[in-house]
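Here's a walk through one fold, strand by strand, for someone who'd rather be at the bench. Have the chain open in your viewer as you read.

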Amino acid sequence: QVQLVESGGGLVQPGGSLRLSCVASGFVFRLYSLSWYRQAPGKARDFVASISNGGGATNYADSIKGRFTISRDNVKNTVYLQMNGLQPEDTAVYFCNVHVLGFGYWGQGTQVTVSS
């Protein structure tokens with residue numbers, strides 16, 4: 001019943017911006033921390049950012065260097081990833097993740113391609 005659906009990916013040029021969304025259902029959204037991960041073809045899935053249940057605490061991968069911002073709306077059951085200053089190395093499928101009762105759930109992913 002837990003479901004995560006990402007959207008907002010696309011093709012952008014270096015320096016561009018995108019805002020990803022992940023709509024959640026099947027659990028009490030406001031009680032859980034959410035995270036974003038990304039995976040390039042043939043590479044490992046890497047942590048990007050996380051946000052606490054109330055949105056008061058966030059963590060980011062060092063590689064982002066302040067370019068991305070994670071946020072959430074507990075009324076809309078949605079977590080966001082604002083991506084600014086995109087670079088080719090940001091090209092990947094971006095996934096949202098939640099652990100409910102100790103089990104990890106993933107969305108289907110949304111493709112972000114940064115190319116000149």
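Glutamine 39 has valine 93 as its bridge partner in E9. Strands here are DSSP runs of E with at least two residues, numbered from the N terminus, and two strands pair if DSSP finds at least two bridges between them. This is a predicted model, where local features need pLDDT of at least 70, side-chain atom pairs count only at pLDDT 80 or more, and totals for chains, interfaces and linings use all residues. Residues are numbered from 1 along each chain as its sequence is written, and side-chain values use heavy atoms, with hydrogens and water left out.

Back to the strands. E4 and E9 run antiparallel and are paired over six bridges. Glutamine 39 also has a bridge partner in E5, namely arginine 45. E4 and E5 are antiparallel too, joined by six bridges. Together E4 and E5 make a hairpin with five residues in between, and glycine 42 in that turn has a positive phi of about 75°.

Now for E11. Valine 93 pairs up with glutamine 111 in E11, as part of three bridges that join the antiparallel strands E9 and E11. With strand E2 (residues 10-12), E11 pairs in the parallel sense, again over three bridges. There, leucine 11 sits opposite threonine 113. E11 shows two faces: Thr110, Val112 and Val114 are covered, while Gln111 and Thr113 are uncovered.

Here are these pairings side by side:

| Strands | Sense | Bridges | One residue pair |
|---|---|---|---|
| E4 and E5 | antiparallel | six | glutamine 39 and arginine 45 |
| E4 and E9 | antiparallel | six | glutamine 39 and valine 93 |
| E9 and E11 | antiparallel | three | valine 93 and glutamine 111 |
| E2 and E11 | parallel | three | leucine 11 and threonine 113 |
| E7 and E8 | antiparallel | six | arginine 72 and valine 79 |

The E7 and E8 row belongs to another sheet to look at. It's an open sheet of four strands in the order E1-E3-E8-E7, with antiparallel pairing. Strand E1 (3-7) and strand E7 (68-73) are at the edges with a single partner strand each, so one side of each has no neighbour in the sheet. From one strand to the next, the twist averages 15° (the angle between axes fitted to C-alpha atoms, taken between N-to-C directions on a scale from 0 to 180 degrees). E7 pairs with strand E8 (residues 78-83) over six bridges, and arginine 72 stands opposite valine 79 in E8.

So what about the inside? The largest nonpolar core has 29 residues, and Trp36, Leu81 and Tyr94 have the most contacts inside it. A nonpolar core here is a set of buried Ala, Val, Leu, Ile, Met, Phe, Trp, Tyr and Cys residues joined through side-chain atoms within 4.5 Å. Buried means under 20% relative accessible area, exposed over 50%, and partly exposed in between (1.4 Å probe, protein chains only). Strands E3 (18-25), E4 (34-39), E5 (45-51), E7, E8, E9 (92-100) and E11 (110-114) each put in at least two residues of this core. E9 gives the largest share, five residues.

How many disulfides does the structure hold? There's one (a pair of cysteine sulfur atoms within 2.5 Å). Cysteine 22 is joined to cysteine 96, S to S 1.9 Å. That ties together distant parts of the chain, since cysteine 22 is in strand E3 and cysteine 96 in strand E9, 74 residues apart. The torsion about the S-S bond is about 55°, so the disulfide is right-handed. Cysteine 22 is buried at 0% relative accessibility, and cysteine 96 is buried at 0% as well.

Just past cysteine 96, take a look at asparagine 97, also found in strand E9. Is asparagine 97 buried or exposed? Asparagine 97 is buried, with a relative accessible area of 4%. A polar atom of its side chain lies 3.1 Å from the backbone oxygen of tyrosine 105. Leaving aside neighbours within four places in sequence, its contacts (heavy atoms within 4.5 Å) include Leu4, Tyr37 and Trp106.

Valine 98 lies in strand E9 too and is buried at 0% relative accessible area. Among the residues touched by valine 98, not counting those up to four places away in sequence, are Val2, Phe27 and Phe103. Valine 98 and glutamine 3 are 95 residues apart in sequence and 9.6 Å apart in space, C-alpha to C-alpha.

Definitions and conventions
A polar contact is a pair of N or O atoms within 3.5 Å; within protein, one must be able to donate a hydrogen and the other to accept it, and residues adjacent in sequence count only if both atoms are side-chain atoms.
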